[in-house]
Amino acid sequence: MRLDRDRYVAFAFAGADILLELDVDGAVLFSAGALSLLGASTGDLAGRPIMDLIADEDRPFAEQIFGATASDARSVMKLVHFRSGGNETLPFIVSCCRLRDLDGHFFVSLSRASAHAGGETARLAVRDPRSGALTRERFSAVAAEKLRTGREFSSPCSLSLIELGSFIGLEMRVAEPDVTEFLKNAVDRLRARAIDGESVGLLGSGKICVIHDPGTALDSSVKWIDRRAREIDPTETGLTVSHNVVSMDPGSMIDADALAALMHVLGVFANEPGVPDIVSLDASHDALLLDEMERINAFRCTVLAGSLAVAFQPVVRLSDRHLDHFEALARFDTFTDDDSPAEHLDFAENTGLISEFDYAMASNVIELVHSFEHVPGMPTVAINLSARSLVNRRFMRSLSHLLNRYQSVARLIRFEITDSCDLVNLAPVNAALQELRRTGAQAGLDDFGVGGADLDVLRRLDVDYVKIDGRYVESILETPRARSFLKAITGLCDDLGIATVAKSVETETICDFLTENGVGFGQGFLFGKPRLATSVLLAHEQNGPEALNRPLDWADQPDDDDEDEEDYDDEEDYGDEDDAAPDAMIEADEVASEEESADT
């Protein structure tokens with residue numbers, strides 16, 4: 001018997017630093033192990049309530065842990081901070097069980113969190129200060145990690161989605177301290193049932209997620225939330241609480257698909273009303289694919305149907321504020337005013353549709369400029385092209401054919417290259433740029449300063465000008481680092497004979513600083529917001545070029561509802577792959593091939 005007892009004790013200490021036995025009221029009956037971690041020695045803890053040993057901020061959570069541990073049940077691996085003497089606290093992973101045959105006592109093991117695999121993750125957790133739940137960004141990262149480890153150890157988790165419907169109304173009817181206390185208590189109850197005591201996230205107003213063991217039911221916590229909301233509400237209206245459980249078992253899906261399905265669940269829950277009726281990652285992945293196909297078709301229809309509108313924003317010479325050229329910006333007529341062009345362009349990048357968009361935009365702008373090229377003093381127009389498009393053979397053939405068809409327009413066109421820092425092989429990009437420059441068009445490098453390899457990009461690409469990223473321009477009056485960066489870029493470009501354009505010029509003070517430090521051109525709301533290209537060119541045709549050289553008049557003109565400029569964020573080097581092409585691009589490619597055959 002003694003050998004068996006000693007063996008069990010050894011097993012216990014193999015997984016814990018401290019062992020505690022508590023009576024039904026939570027008072028310490030027995031303690032052993034590294035008690036010095038709690039600032040105590042043998043015998044010091046006898047009779048003391050366990051809550052006295054726990055840090056103040058974690059007591060409500062600890063009460064939920066012990067309250068949720070029924071007889072002959074376990075609560076495992078919850079992170080709790082204990083007092084370690086004085087004002088210091090230490091994080092411990094707490095596991096406990098309660099045995100009916102031993103008078104319902106609690107048997108508790110404490111393991112230093114720093115020695116536990118989840119300790120560092122928990123310590124670095126980013127929390128919502130009001131509720132104590134993980135923020136959306138942090139919870140998404142934790143969920144991804146739980147998905148990975150669930151597959152690795154064949155122990156998938158479950159994801160509960162809990163919506164507190166009409167939460168904003170409750171906030172308006174109930175005093176702020178009471179709402180905050182209600183939220184914190186709700187999160188503490190859910191943390192006690194989470195798989196590690198940490199994985200509870202707040203994804204938006206009244207949107208709570210919990211990762212838990214598949215065998216752990218949250219019904220009692222959901223009922224408490226519903227009941228407590230009515231209790232604190234003077235009208236007794238409370239909340240409309242909805243709850244759904246999603247299995248995080250990836251099944252036969254590859255890791256990338258499983259992760260995409262998980263993020264889809266979180267995204268739909270966070271951004272749409274209600275709780276998504278999804279029970280598994282397989283179902284989420286099917287819904288994700290359907291949603292992606294619908295978006296792809298809608299985007300492609302927008303491009304092909306000619307619903308892509310063009311706006312112009314002026315770029316001026318800072319020395320005299322006269323118009324130098326326009327930048328062409330995309331506007332999506334078929335989408336709502338709340339939609340951002342940048343979001344749709346990111347979608348095009350991520351789904352391989354960017355070359356279709358680039359060709360449609362270039363075609364629209366070139367044909368528009370061709371219609372007005374007879375007007376004296378017609379300014380040049382800059383068109384953004386993704387670096388991915390430049391290494392797409394079909395796109396380049398189609399664009400070359402377009403420029404050949406409108407040869408007289410090339411001198412009025414500029415091409416601004418985006419995402420070049422993300423490409424490993426810049427040689428084909430530079431070759432494509434030089435091909436465009438030989439037609440008479442200028443070439444620029446957009447958003448200079450975004451990536452970490454900008455100087456190398458500037459060395460390897462022959463361009464006529466660079467556009468300094470707006471984030472640096474906006475912060476030049478706030479940080480010496482931004483000012484030094486801007487001065488260095490201006491000096492380098494001046495030595496190389498490359499013109500500089502500053503984006504996001506919003507104030508006269510910033511404009512004066514840019515001018516004093518040698519930046520040649522500027523773009524921003526100080527000089528004018530985007531306007532529909534047709535109205536700009538008609539005004540130019542009717543009133544002459546001098547009408548566009550009055551910056552105050554231009555800046556006072558009505559602007560587009562959506563003022564976001566188009567930006568691209570490429571993720572990788574796509575080499576020479578041929579993206580899918582719209583009918584117009586395919587037709588242009590076929591015509592170009594026929595002409596080449598005829599020439600031969």
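Student: Which helix gives the most to the lining of the second largest cavity?
Tutor: This is a predicted model. α2 (59-68), β3 (73-83) and β5 (105-112) each supply at least two lining residues. The top contributor gives 3 residues, and that is α2.

Student: How do the residues of that lining divide into nonpolar, polar and charged?
Tutor: The lining includes I54, F66 and V108. Ala, Val, Leu, Ile and Phe are among the residues that count as nonpolar. The division is no charged, no polar and 9 nonpolar.

Student: What volume does the second largest cavity have?
Tutor: The count takes in cavities of 30 Å³ or more, and there are 2. The volume of the second largest is about 30 Å³.

Student: How many aromatic pairs are there, and why is the pair of F182 and W224 stacked?
Tutor: The count is 4 aromatic pairs. Planes under 30 degrees apart count as stacked. The planes of F182 and W224 stand at 15°, with ring centres 6.3 Å apart, so the pair is stacked.

Student: Where in the chain do F182 and W224 lie?
Tutor: They are 42 residues apart, so the pair links distant parts of the chain. Both residues are buried. F182 is in helix α6 and W224 is in helix α7.

Student: Is F312 buried or exposed?
Tutor: F312 pairs with F326, stacked at 5.1 Å centre to centre. F312 lies in strand β10 and F326 in strand β11, so the pair ties together parts 14 residues apart in sequence. Buried means under 20% relative accessible area. F312 has 0%, so F312 is buried.

Definitions and conventions
Residues numbered from 1 in each chain as written. Predicted model: local features only at pLDDT ≥ 70, side-chain atom pairs only at ≥ 80, totals over all residues. Heavy atoms only, no water. 1 Å grid on protein atoms, 1.4 Å probe; cavity = no way out; pocket = protein on both sides within 12 Å on 5 of 7 lines; lining within 4 Å. Points joined across faces, edges and corners; volume = space filled by probe spheres on them. Helix = DSSP H or I, 4+ residues; strand = E, 2+ residues; numbered from the N terminus. Phe/Tyr/Trp six-rings, centres within 6.5 Å; stacked < 30°, edge-to-face > 60°. Buried < 20%, exposed > 50% of the residue type's maximum accessible area, 1.4 Å probe, protein only.
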